[in-house]
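Biologist: Before planning any bench work, I should like to go through this model with you. Please reason through each reply and finish on the value or name that I ask for.

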Amino acid sequence: MRLREEAQNMRLREEAQNMRLREEAQNKRLREEATTRRDLHRSSELRMRSPGSLLEVVGISKRFGGLQAVRDLSFGMARGEVLGLIGPNGAGKTTAFNLLSGFLAPDSGQIHFDGRSIVGLKPHAICRLGLCRTFQIVRPFPHLSVLDNVRVGALARRARMADARGKARAVIDQVGLGAKALEPASGLTLAERKRLELARALATEPTLLLLDEVMAGLNPTEIEGIVALIRRINAAGVSILLIEHNMRAVMTLSHRIAVLNFGEKIVEGEPAAVANHPRVVEAYLGEEYVHAPAH
Ligand SMILES: Nc1ncnc2c1ncn2[C@@H]1O[C@H](COP(=O)(O)OP(=O)(O)OP(=O)(O)O)[C@@H](O)[C@H]1O
Ligand SMILES: [Mg+2]
């Protein structure tokens, strides 16, 4: 009797064991299938992107009433690149930024960032994808401290207040405003406000940072400081699209430069070639720059 019971128990244990093995084998198969599906999905995603390309702008245009502010503008950016965007006042540079960052919708054309179309997305959604910009006219919250101003940027990515605060602190140190962290933004000099504007954008942890005249109004020493800071940001892996009127700074920082005139791109290339291009001289730079010594 006991023997029969024991034999039965053993059979049950064996069956249970077999069932577990069968289940495990099935789970393993399912996991493998899922991985293959994910890999296929990932590789098809990768195929859609051209390798190394971070931003692809194809034929974007924007009209304000009778004024064609941006006309059929196309350009691309590789990962890690610094692209300078220059041109005379009113050439359409800031409008181009507004189109890329979602503050304005293009009348036509395509913008792909990191392999996906971003036309029609709101600025905060574009920023969450990793494309973030500064404003030509800096506009911090004047009564908030430097730290809280930057924390607003950090909250774009981090839901927890403490995380956002930590990130904000790190970015404030990075831009050299550590000593001013607890002061109200209204007490900052223009150079410090420009750094704050940079910090607010950096706190969103961008892959591509759009900088709109972050050196305007600064003295040569302050400009040198910002140039060094932008270099460090780029060296840390952030790609940068830079609108800048200070020629020495834009020539020093940019890997390539695109020139806008009346909303159209007239030239694009390496800094030295662009600076000497007759159309650029005619549109923008003036004879004296072309004959100045190279930096
Ligand atoms: N919201 C708007 N409504 C109407 N016209 C606009 C608007 N924004 C810009 N413009 C016009 O579009 C043209 C391009 O302006 P934009 O600000 O893009 O030039 P910019 O190249 O950034 O110039 P700057 O170097 O002076 O900053 C200008 O003629 C400007 O007056
Ligand atoms: Mg502008």
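Biologist: How many bridges join strand 1 to strand 2, and how many join strand 1 to strand 4?

Modeller: This is a predicted model. Strand 1 (residues 53-64) runs antiparallel to strand 2 (residues 67-78), and V57 stands opposite F75 in strand 2. Strand 1 also runs antiparallel to strand 4 (residues 108-113), where H112 is the bridge partner of E56. The bridges number eight between strand 1 and strand 2, and between strand 1 and strand 4 they number five.

Biologist: Which residue in the turn of the hairpin has a positive phi?

Modeller: The hairpin is formed by strand 1 and strand 2, with two residues between them. In that turn, a positive phi of about 55 degrees belongs to G65.

Biologist: Which strands stand at the edges of the open sheet of six strands?

Modeller: The six strands follow the order 6-7-8-3-9-10, with mixed pairing. Two of them have a single partner strand each, so one side of each is left without a neighbour in the sheet. Neighbouring strands of this sheet are turned by 20 degrees against each other on average, direction ignored. The edge strands are strand 6 (131-133) and strand 10 (264-269).

Biologist: Which residue of strand 8 stands opposite L83?

Modeller: Strand 3 (residues 82-86) and strand 8 (residues 239-243) run parallel and are joined by four bridges. Within strand 8, the residue opposite L83 is L241.

Biologist: Which helix gives the most to the shell around ligand 1?

Modeller: The residues that surround ligand 1 include F64, L67, A69, K93, T94, T95 and Q136. Strand 2 and helix 2 (93-100) each supply at least two residues of this shell. With three residues, the element that gives the most is helix 2.

Biologist: Is R195 buried or exposed?

Modeller: R195 lies in helix 6 (residues 190-202). Leaving aside neighbours within four places in sequence, R195 is in contact with V175, G176 and L177; L177 is 18 residues away in sequence and 7.5 Å away in space, C-alpha to C-alpha. The cut-off for burial is 20 or more other C-beta atoms within 10 Å. Because 25 other C-beta atoms lie within 10 Å, R195 is buried.

Biologist: Which helix gives the most residues to the largest nonpolar core?

Modeller: This core has 68 residues, and those touching the most other members are L85, V150, I172, A199, L209, I240 and L242. Not counting residues up to four places away in sequence, I172 touches V146, L147, V150, L177, G178, A181 and A199. The element that gives the most to the core, with five residues, is helix 6.

Biologist: Where does pLDDT stay under 50?

Modeller: The mean pLDDT of the chain is 86, and 79% of its residues reach 70 or more. Among the elements, strand 4 has the highest mean pLDDT (98) and helix 11 (residues 287-290) the lowest (52). Where pLDDT is low, the predicted coordinates should not be read in detail. The stretch under 50, for which the model has three contacts beyond four places in sequence, is residues 36-50.

Biologist: What percentage of the residues in the chain is buried?

Modeller: The chain has 11 helices and 10 strands. Of its contacts with a separation of 6 or more, 64% are between residues 24 or more positions apart. Among the 295 residues of the chain, the buried share is 36%.

Conventions. Residues are numbered from 1 along each chain as its sequence is written. Chains are lettered from A and ligands numbered from 1 in the order in which they are written. This is a predicted model: local features need pLDDT of at least 70, side-chain atom pairs count only at pLDDT 80 or more; totals for chains, interfaces and linings use all residues. Two strands pair if DSSP finds at least two bridges between them. A residue is buried if 20 or more other C-beta atoms lie within 10 Å of its own, exposed if 12 or fewer, and partly exposed in between; C-beta atoms are placed from the backbone. Two residues are in contact if their C-beta atoms, placed from the backbone, lie within 7 Å. Axes are lines fitted to C-alpha atoms, for helices over the stretch in contact, and angles run from 0 to 180 degrees between N-to-C directions. pLDDT is the predictor's confidence in each residue, from 0 to 100. A nonpolar core is a set of buried Ala, Val, Leu, Ile, Met, Phe, Trp, Tyr and Cys residues joined through C-beta atoms within 7 Å. A residue is near a molecule or strand if its C-beta atom, placed from the backbone, lies within 6 Å of it.
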